[in-house]
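Me: Before I accept the labels attached to a model like this one, I would like to go through them one at a time and hear the reasoning behind each.

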Amino acid sequence: MSDRTSPAADTLSATPPASVAPGSPHIDAGDAGYRKDLKSRHINMIAIGGAIGTGLFLGAGGRMANAGPSLFIAYAVCGVFAFFVVRALGELVLYRPSSGAFVSYAREFMGEKGAYTAGWLYFLNWSTTAIADITAAATYAHFWAMFSDVPQWILALIALAVVLAANLISVKYFGEMEFWFAIIKVGALVAFMLIGIFLIVTSHDVGGHTPGLSTITDNGGIFPSGVMPMLLLIQGVVFAYASVELCGVAAGETENPEKIMPKAINSIMWRVGLFYVGSVVLLALLLPYTAYSGDQSPFVTVFDKLGVPGAAGVMNLVVLTAALSSLNSGLYSTGRILRSMSLSGSAPKFTGVMNKGGVPYGGILLTAAFGVLGVGLNYLMPGEAFELVLNFASIGIIGTWAMIMVCSLLFVNRSKEGRVTRPGYRLPWAPYTQIVTLVFLGSVLVLMWMDGGISRTTVNCLPLIAVMLVGGWFLVRKRVRATAATYEG
């Protein structure tokens with residue numbers, strides 16, 4: 001057994017970090033060196049911000065155009081399973097808070113191969129999401145005339161540089177940035193919903209159209225193109241919830257996670273219902289689904305149609321903030337995950353280094369390097385960059401969520417054997433919840449394949465991803481074993 005999950009009783013020279021709950025059987029060396037600078041307000045807003053991102057602000061436009069008002073059903077269904085995942089992670093966090101999060105839990109319950117797989121799938125998720133985020137930021141910037149002639153790849157590079165510089169300062173600044181990013185996103189959505197409700201109640205003209213229920217009934221109903229388009233969009237909707245696990249990673253850098261985490265996680269469910277489902281329903285009532293497109297945020301479309309001077313520009317600034325927030329979160333979380341892996345030998349050594357501010361900058365720079373590849377992608381194929389990386393990010397998300405649920409399932413089984421003690425904060429209906437969620441995630445892959453095009457190509461790449469993971473393991477396994485032997489000795 002390695003240093004990352006050494007039995008506390010056997011590690012006589014080690015002092016369990018403060019983040020480890022009393023009686024926890026494991027210590028994760030990857031948690032050392034972090035500062036507990038994240039406060040309750042930070043975690044709560046990180047949880048909100050993680051559930052509200054690019055997938056809603058930009059992705060909802062194209063999905064609405066394809067599936068119509070039925071999109072709200074896809075958001076609701078995926079939201080329920082996203083809540084199950086984060087609730088399962090929350091139970092593990094209360095058992096043993098760790099900045100390595102599910103990678104640390106995979107190491108404890110599945111061994112080093114499990115931790116290696118979980119970590120690199122998560123990296124696949126965020127390295128491709130980073131590309132999606134900078135692509136979205138560049139797309140938003142083109143809304144303003146002053147940037148319309150600037151090549152998309154240049155705007156993407158600027159977005160990456162700005163967020164990378166801010167992320168390398170300290171976790172305290174990261175927390176503050178995410179707090180205010182989330183405030184802006186939530187404030188904008190609340191304002192949009194209030195304005196939308198007012199427009200519907202007063203039957204105010206929106207771009208020559210009278211909003212209301214007739215907007216849906218007169219344009220093909222909830223399923224204007226049938227049920228299948230809505231089902232086929234689920235893989236993209238899963239992407240919209242990609243950051244819900246972020247609060248689990250952040251738990252390792254906060255005091256009293258046992259008090260903060262349950263409140264933050266429980267609030268995700270109603271926020272998802274209010275902001276995601278509520279916003280999509282309002283969008284469907286305000287304008288015919290054919291008025292939206294994947295080239296523009298649906299919220300910007302509404303304000304553009306209203307003709308209110310400056311309103312669309314302000315909303316576009318908000319959605320630009322959402323993209324930068326998501327990129328900021330991705331750099332933060334992958335930095336922590338890669339450090340946990342580095343100290344076990346399953347990630348490059350440089351990803352384990354930290355600066356004086358307690359920031360694992362090596363892992364952050366590695367993720368940013370893949371963002372640079374995204375800049376090149378924006379140069380080569382600006383029109384398809386977002387959709388292409390969206391699908392690969394979905395593969396990473398599905399893999400990450402599956403690993404979390406498998407860890408949760410193994411944790412529950414060990415508790416039945418009396419080897420671990422489950423906290424009072426638990427995933428309801430276990431182990432059935434984990435099994436149903438895993439079946440759902442498998443069905444998403446099937447739907448991706450059925451969708452054809454880029455989605456099918458992505459699924460067909462799964463064997464290649466598996467080969468790369470296996471090949472990578474053979475490259476690092478000697479170092480992993482040597483690292484484990486060093487700490488056991």
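Reply: Ser203 is a good place to begin, and it sits in the loop between helix 8 and helix 9 (214-217). The model is a predicted one, and the values discussed here are computed from it.

Me: Why is Ser203 called partly exposed?

Reply: Its relative accessibility is 41%, and since buried means under 20% and exposed means over 50%, a value in between is called partly exposed. Ser203 therefore counts as partly exposed.

Me: What makes the backbone of Ser203 worth a remark?

Reply: Phi of Ser203 is near 55°, which is a positive value in a residue other than glycine. Most residues other than glycine have a negative phi. The residue with this phi comes just after helix 8, a helix of residues 171-201 whose 31 residues reach 44 Å from first C-alpha to last, close to the 45 Å expected at 1.5 Å a residue.

Me: Which residue in the loop between helix 17 and helix 18 is exposed, and how do you know that?

Reply: Trp429 is found in that loop, and because its relative accessibility is 64%, with exposed meaning over 50%, Trp429 counts as exposed. Trp429 also has a positive phi, of about 60°, although it is not a glycine.

Me: What makes the peptide bond from Ala430 to Pro431 cis or trans?

Reply: Omega of this bond is near 5°, and the bond is cis. Most peptide bonds are trans. Pro431 lies in the loop between helix 17 and helix 18 (432-451).

Me: Why is Val436 described as partly exposed?

Reply: Val436 has a relative accessible area of 45%, which is neither under 20% nor over 50%, so the label is partly exposed. The residue is placed in helix 18, and its C-alpha is separated by 9.9 Å from that of Met405, with the two residues 31 apart along the chain.

Me: How do you know that the length of helix 13 agrees with what is expected of a helix?

Reply: Helix 13 (residues 257-286) has 30 residues, which at 1.5 Å a residue should span 44 Å, and because its end C-alpha atoms are 41 Å apart, the two values agree. The helix does bend, by about 35° at Arg271, and it is mostly covered, with 21 of its 30 residues buried.

Me: What is the label for Ser293, in the loop that follows, and why?

Reply: Ser293 is placed in the loop between helix 13 and helix 14, and because its relative accessibility of 29% falls between the cut-offs of 20% and 50%, it counts as partly exposed. Its C-alpha and that of Asn66 are separated by 8.7 Å, although the residues are 227 apart along the chain.

Me: Why is Thr301 called buried?

Reply: At 4% relative accessibility Thr301 is under the 20% limit, so it counts as buried. Thr301 is found in helix 14 (residues 298-306), and its C-alpha is separated by 7.5 Å from that of Ala312, which is 11 residues away along the chain.

Me: Which label does Cys461 get, and why?

Reply: With a relative accessible area of 19%, Cys461 is under 20% and is therefore buried. Cys78 is also buried, because its relative accessible area is 0%.

Me: How many disulfides are there, and what makes a pair count as one?

Reply: The count comes to zero disulfides, because a pair is counted when its cysteine sulfur atoms lie within 2.5 Å.

Me: What makes up the lining of the second largest pocket?

Reply: This pocket, with about 580 Å³ of space, is lined by 22 residues, of which Phe123, Leu124, Ser127, Phe370 and Met468 lie nearest its centre. Helix 6 (112-141), helix 16 (361-380), helix 17 (385-416) and helix 20 (462-488) each give two or more residues to the lining, and the largest share, eight residues, comes from helix 6. The lining divides into 18 nonpolar, four polar and no charged residues.

Me: How many cavities does the search find, and what lines the second largest?

Reply: A search of the whole structure finds two cavities of 30 Å³ or more, and the second largest holds about 30 Å³ of space. Its lining includes Pro69, Thr215, Asn219 and Tyr289, and divides into six nonpolar, three polar and no charged residues.

Definitions and conventions
Residues numbered from 1 in each chain as written. Predicted model: local features only at pLDDT ≥ 70, side-chain atom pairs only at ≥ 80, totals over all residues. Heavy atoms only, no water. 1 Å grid on protein atoms, 1.4 Å probe; cavity = no way out; pocket = protein on both sides within 12 Å on 5 of 7 lines; lining within 4 Å. Points joined across faces, edges and corners; volume = space filled by probe spheres on them. Helix = DSSP H or I, 4+ residues; strand = E, 2+ residues; numbered from the N terminus. Nonpolar A, V, L, I, M, F, W, Y, C, P; charged D, E, K, R; others polar. Expected span 1.5 Å × (residues − 1). Bend = angle between axes of the 7 residues up to and from the residue. Buried < 20%, exposed > 50% of the residue type's maximum accessible area, 1.4 Å probe, protein only.
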